[in-house]
Amino acid sequence: MTMLDRRLHAYRPDLAEAGLEGKVEALRFVEGAAARVAVPVVGLRPEPDLARGIDTELLLGEDVTVFDRADGWCWVKAASDGYVGYLRQAALSEGRPAPTHIVTVQRSFLYPEPELRKPHQAILSMGSRVHVAGEAEARGNRYVVLEDGTAIFARHVQPIGALDGADYVDIAARFLETPYLWGGRSGLGIDCSGLVQLAMLMTGRAAPRDTDMQAAGLGEPIDRSDIRRGDLVFWKGHVAVFEDPETILHANGHSMTVARENFEAAVKRIGWLYDQPTGYRRPIS
């Protein structure tokens, strides 16, 4: 049987997703059940163990397929990028209404009602998806009201799809100074490939989650001499976005933030650990 990438294919000796029948060995094959993330952000892990580091994160309102539930954990596949892993069962809901809007600022507060002086209930990241049931105004501020009565500042959300065609580099730059987090994919903490993926998601474009996936199949390869705004540069285990031919934006473990850096200076600094860049790619618009 074929050995497949466990990050993108749900299979274990006892269980596998139905689409892999005949491709992998498993005792059972299942279609899975639909569910939706019901918390602001949740880590997706390679094993059902909180001591294991996260591979990636899922945000409020994102859809998953659940293949198994056991001991408070769910084994799932994310709808947005096909990533497979384990998350806490309490982070999911099967009854939430379909999202209508998406958070478009780096971070926003969720209030118990339309009033900014009330203690906030949660912090939502850019990319979080919510169902807007109505609108309200208080003290001159407009809010969108969700199905449970909670509220978000209206200018912090837009209808899903409204940002299609926007410049993803501008969106990536909104994350400057955001803390670096291995596996992070939110405005609370983000890693290099998470920054690329989330910024592209906010322009209506899909991107693979991890650096090796992006280096292998995101857009098309180009030469260094042809670099322009929006192109990507890869090192082994790292990716950065060109803001212009001489400047990159990247979440990195040197500053432990999303930072703006001169490209040639970054090449010299990174070289001792990751050697020289392995390639350049241009995402397809």
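The UniProt annotation "domain: NlpC/P60", from an unreviewed entry, spans residues 162-284. The model described here is predicted. Over residues 162-284 the chain is 28% helix and 28% strand, and the C-alpha atoms at the two ends of that stretch are 19 Å apart. The points below cover two helices, two pockets, one cavity and a few single residues.

**Helix α4**

- Helix α4 runs over residues 263-274 and has 12 residues.
- The end C-alpha atoms of α4 are only 15 Å apart, whereas a straight helix at 1.5 Å a residue would reach 16 Å.
- F263, A266, V267, I270 and G271 are the buried residues of α4.
- These buried residues lie on the same side of α4, because they cover an arc of only 140° around the axis.
- An α-helix has 3.6 residues a turn, so residues three or four places apart point the same way.
- K268 and W272 are exposed, and they sit on the face of α4 turned away from its buried side.

**Helix α2**

- Helix α2 covers residues 192-201.
- Burial in α2 extends to 10 of its 10 residues.
- The buried residues of α2 include C192 at its start and L201 at its end, with S193, G194, L195, V196, Q197, L198, A199 and M200 also buried.
- Buried here stands for a relative accessible area under 20%.

**Largest pocket**

- The largest pocket holds about 530 Å³ of space.
- It is lined by 26 residues, of which Y180, W182, C192, G237 and Y274 are the closest to its centre.
- Four elements each supply at least two residues of the lining of the largest pocket: α2, α3 (211-217), β23 (247-252) and α4.
- Among the contributors to this lining, α4 gives the most, with 5 residues.
- By residue class, the lining of the largest pocket has 9 nonpolar, 9 polar and 8 charged residues.
- C192, one of the residues closest to the centre of the largest pocket, is also one of the buried residues of α2.

**Second largest pocket**

- The volume of the second largest pocket is about 250 Å³.
- R129, L201, M202, G204 and R205 are the closest to its centre, out of 19 lining residues.
- Strand β17 (157-159) and helix α2 each supply at least two residues of the lining of the second largest pocket.
- Helix α2 thus appears in the lining of the largest pocket and in that of the second largest pocket.
- The lining of the second largest pocket divides into 9 nonpolar, 6 polar and 4 charged residues.
- L201, among the residues closest to the centre of the second largest pocket, is a buried residue of α2.

**Cavity**

- The model has 1 cavity of 30 Å³ or more.
- The largest cavity contains about 40 Å³ of space.
- Its lining is made of R36, G61, R96, P97, P99, R129, V130, H131 and E147.
- In class terms, the cavity lining has 3 nonpolar, 2 polar and 4 charged residues.
- R129 lines the largest cavity and is also among the residues closest to the centre of the second largest pocket.

**Loop residues with positive phi**

- R139 lies in the loop between β14 and β15 (141-146).
- Phi of R139 is near 55°, a positive value in a residue other than glycine.
- The relative accessible area of R139 is 57%, which makes R139 exposed.
- E177 lies in the loop between α1 (168-173) and β18 (185-186).
- For E177, a residue other than glycine, phi is also positive, near 75°.
- E177 is exposed, at a relative accessible area of 60%.

**Distances between residues**

- P40 is placed in the loop between β3 (33-37) and β4 (41-44).
- With 27% relative accessibility, P40 is partly exposed.
- The C-alpha atoms of P40 and S186 are 9.5 Å apart, although 146 residues separate the two in sequence.
- G134 belongs to strand β14 (residues 132-138).
- G134 is partly exposed, its relative accessible area being 24%.
- G134 and A172 are 38 residues apart along the chain, and their C-alpha atoms are separated by 30 Å.

Definitions and conventions:
Residues are numbered from 1 along each chain as its sequence is written. This is a predicted model: local features need pLDDT of at least 70, side-chain atom pairs count only at pLDDT 80 or more; totals for chains, interfaces and linings use all residues. Side-chain values use heavy atoms; hydrogens and water are left out. On a 1 Å grid over the protein atoms alone, a cavity is a set of points where a 1.4 Å probe fits but cannot get out, and a pocket is an open set with protein on both sides within 12 Å along at least five of seven lines; lining residues have an atom within 4 Å of a point. Grid points are joined across faces, edges and corners, and a volume is the space filled by probe spheres set on the points. Ala, Val, Leu, Ile, Met, Phe, Trp, Tyr, Cys and Pro count as nonpolar, Asp, Glu, Lys and Arg as charged, and the others, Gly among them, as polar. UniProt positions are given in the numbering used here, feature names are shortened, and annotations may be inferred rather than shown by experiment. The expected span of a helix is 1.5 Å times one less than its number of residues. Buried means under 20% relative accessible area, exposed over 50%, partly exposed in between (1.4 Å probe, protein chains only). The arc is that of the directions from the helix axis to the C-beta atoms.
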